[in-house]
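Let's take a friendly look at how side chains pair up in this protein. Have the sequence and the 3D view at hand as you read.

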Amino acid sequence: MADSKSNSNNLYAHLVANSLFTPRQLSIISKRLQGGGRAQDISSGAYYRQVKQCRDKVNAVLYSMILLQSTGVVQPETLSAIGRLAEQLSVIFASESSDVASRLSVDDVISVMDQLVKRMSKL
């Protein structure tokens with residue numbers, strides 16, 4: 001079970017390292033989606049500034065995906081492929097109490113994910 005949690009942590013760290021979001025921003029997003037309030041170690045002003053930055057980044061990513069697909073930079077099937085990949089990663093992240101993540105080689109999953117992302121772009 002500890003291995004599956006470690007695999008999930010490694011996959012999550014890889015996703016964060018290659019994303020536009022900081023770990024703190026992702027923590028804020030996660031807490032807001034779960035209905036939680038701000039953490040005690042952040043001022044109210046800083047918290048709401050981070051929330052606004054998160055909202056702006058999410059919107060920018062969505063507009064970027066629309067722009068990239070409509071201009072032909074990414075393949076037409078990119079959005080559905082991203083959706084399938086995200087669903088599979090959700091299963092891995094949620095499976096800390098099962099043997100799904102423990103059977104996976106985190107390096108293999110990251111490699112496949114990186115190859116898929118690279119193939120989605122025509123650049």
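Below we go through the charged pairs and then the aromatic ones.

**Charged pairs**

This is a predicted model, and it holds two salt bridges. In one of them, the side chains of Arg24 and Asp41 meet at 3.5 Å, N to O. This pair links distant parts of the chain: Arg24 sits in helix H2 (residues 23-33), while Asp41 lies in the loop between H2 and helix H3 (44-70), 17 residues apart. Arg24 counts as partly exposed at 38% relative accessibility, whereas Asp41 counts as exposed at 63%.

The side chains of Lys52 and Asp56 also meet in a salt bridge, at 2.8 Å, N to O. Here the partners are four residues apart in helix H3, so about one helical turn separates Lys52 from Asp56. Lys52 is partly exposed, with a relative accessible area of 47%, and Asp56 counts as partly exposed at 39%.

**Aromatic pairs**

A search of the whole structure finds two aromatic pairs, set out here:

| Pair | Arrangement | Centre to centre | Between the planes |
|---|---|---|---|
| Tyr12 and Phe93 | edge-to-face | 6.2 Å | 80° |
| Tyr47 and Tyr48 | edge-to-face | 5.0 Å | 80° |

The pair of Tyr12 and Phe93 links distant parts of the chain, with Tyr12 in helix H1 (residues 2-17) and Phe93 in helix H4 (residues 78-94), 81 residues apart. Tyr12 counts as partly exposed at 39% relative accessibility, and Phe93 is partly exposed too, with a relative accessible area of 26%.

Is Tyr47 buried or exposed? With a relative accessible area of 4%, Tyr47 is buried, because buried means under 20%.

Technical notes:
Residues are numbered from 1 along each chain as its sequence is written. This is a predicted model: local features need pLDDT of at least 70, side-chain atom pairs count only at pLDDT 80 or more; totals for chains, interfaces and linings use all residues. Side-chain values use heavy atoms; hydrogens and water are left out. A salt bridge is a side-chain nitrogen of Lys or Arg within 4 Å of a carboxyl oxygen of Asp or Glu. Helices (H or I, at least four residues) and strands (E, at least two) are DSSP runs, numbered from the N terminus. Buried means under 20% relative accessible area, exposed over 50%, partly exposed in between (1.4 Å probe, protein chains only). Rings of Phe, Tyr and Trp (its six-membered ring) pair if their centres lie within 6.5 Å; planes under 30 degrees apart count as stacked, over 60 as edge-to-face and the rest as tilted.
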